[in-house]
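Thanks for coming, everyone. Before I begin, please have the sequence and the model open, and turn the view slowly as I talk.

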Amino acid sequence: MLTIDADRRIFESSTGSAIQLDHEISVELIFAAPERRGRAAGGIRFFPDGTSSGGSIVLTLDKRRASISVNWLTGEARLDLAGNGPS
């Protein structure tokens with residue numbers, strides 16, 4: 001499970017310790033309803049069969065944007081540094 005709390009500016013996984021996000025980074029989250037933990041927090045759960053709960057995380061700093069999308073069916077994560085959608 002990868003969890004992100006945009007208000008506390010923290011992300012963490014069940015396999016590691018929490019990491020603090022810089023206050024200048026804007027965070028947008030899209031999670032499946034069962035994985036939501038309040039207004040600005042939630043996670044993406046990865047299952048043993050390779051699937052996941054899916055979701056997207058968008059990080060913005062000044063004019064730079066990174067989008068991470070996780071496919072629910074395959075669990076595949078894609079990174080888009082242009083902000084124009086997964087490649």
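Let me start with a pair of charged side chains: arginine 39 forms a salt bridge with aspartate 7, and their closest N and O atoms are 2.9 Å apart. By salt bridge I mean a side-chain nitrogen of Lys or Arg within 4 Å of a carboxyl oxygen of Asp or Glu. Arginine 39 lies in the loop between β4 and β5 (41-44), and aspartate 7 in the loop between β1 (2-5) and β2 (10-13), so this pair ties together parts that are 32 residues apart in sequence. The strands I name are DSSP runs of E with at least two residues, while helices would be H or I runs of at least four, and the numbering goes from the N terminus.

I should say early that this is a predicted model, in which local features need pLDDT of at least 70 and side-chain atom pairs count only at pLDDT 80 or more, whereas totals for chains, interfaces and linings use all residues. Residues are numbered from 1 along each chain as its sequence is written, and side-chain values use heavy atoms, with hydrogens and water left out.

How many salt bridges does the rule give? The count comes to five. Another one of them joins glutamate 35 and arginine 45, at 3.2 Å from N to O, and this pair links distant parts of the chain, with glutamate 35 in the loop between β4 and β5 and arginine 45 in the loop between β5 and β6, 10 residues apart. Is glutamate 35 buried or exposed? Glutamate 35 is buried, with a relative accessible area of 7%, while arginine 45 is partly exposed at 30% and arginine 39 is exposed at 69%; here buried means under 20% relative accessible area, exposed over 50%, and partly exposed in between, using a 1.4 Å probe and protein chains only.

Now please look at the strands. An open sheet of four strands runs in the order β4-β6-β7-β8, with antiparallel pairing, where two strands pair if DSSP finds at least two bridges between them. The edge strands are β4 and β8 (77-80), each pairing on one side only. Strand β4 (residues 26-31) meets β6 (residues 55-61) over six bridges, and isoleucine 30 stands opposite serine 56 in β6. On its other side, β6 pairs with β7 (residues 64-70) over seven bridges, among them leucine 59 with alanine 66.

Finally, the side chains alternate along β4: Val27, Leu29 and Phe31 point to one face and are buried, whereas Ser26, Glu28 and Ile30 point to the other and are not.
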